[in-house]
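Some questions on the charged pairs and surface of this protein follow, each with a short answer.

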Amino acid sequence: MSKYITVSLDKRGVSCVAKLLEDVAPRTCTAVWDALPLSAPVFHGKYARNEIYALLPAFAPADPGKENTTITPIPGDLCWFSFDSDDLGNPAYGYENTTGTGTTGAIVDLAMFYGRNNLLINGDQGWVPGNVFGAVTENLEEFAAACQDLWMGGARGETLTFTRL
């Protein structure tokens, strides 16, 4: 039986439903499912284009490693990225303190892509493949409009939440 999650922008009161892609990303899906609910401040992508994401301290017993990776996510893709805090410490990323995310150690970036023409390349890191672990099945259009509002209106005070459906 398929597993579904809800992805929400809490302050904006909008959510979408995504199916976990357990057949192609079983380790990543298990890591996310077992940790739900997850919530953190949301950021809008600066380099990847049509992306929103949350940065969380590592929450899985082990990193899932690479599976079902892409550098060209499509609308509705949910992706997992693994970083070390030093990877994101450059103030050019736009985080509000000089130490980058304010977190040390392993960081999990859970992202949702809401539009086309995304390319996962970073000026400091080069190509940044992500594990595609979910696909939005409901309410992508309304959620995408809220993501665009996040880009133009600002992310301050907004949270991105992932919960079991």
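Salt bridges and surface

K3 is partly exposed, at a relative accessible area of 27%. This is a predicted model, in which local features need pLDDT of at least 70, side-chain atom pairs count only at pLDDT 80 or more, and totals for chains, interfaces and linings use all residues. Residues are numbered from 1 along each chain as its sequence is written, and side-chain values use heavy atoms, with hydrogens and water left out.

Q: With which residue does K3 form a salt bridge?
A: A salt bridge is a side-chain nitrogen of Lys or Arg within 4 Å of a carboxyl oxygen of Asp or Glu. For K3 the closest N and O atoms are 3.5 Å apart. The partner of K3 is E22.

Q: Is E67 buried or exposed?
A: Buried means under 20% relative accessible area, exposed over 50%, partly exposed in between (1.4 Å probe, protein chains only). E67 has 8% relative accessibility, so E67 counts as buried.

Q: Which residue is linked with R12 and D149 in a network of salt bridges?
A: The side chains of R12 and D149 meet in a salt bridge at 2.8 Å, N to O. The pair links distant parts of the chain, 137 residues apart. The network also takes in E158.

Q: What accessible area do L119, I121 and W127 have together?
A: L119 is partly exposed because its relative accessibility is 36%. Patches are made of residues with over 30% relative accessible area and no salt bridge, like charges being joined within 9 Å and nonpolar side chains (Val, Leu, Ile, Met, Phe, Trp, Tyr) within 5 Å. Accessible areas come from the Shrake-Rupley method with a 1.4 Å probe; for residues, only the protein chains shown count as cover. L119, I121 and W127 form a nonpolar surface patch with a joint accessible area of about 290 Å².

Terms used:
Helices (H or I, at least four residues) and strands (E, at least two) are DSSP runs, numbered from the N terminus.
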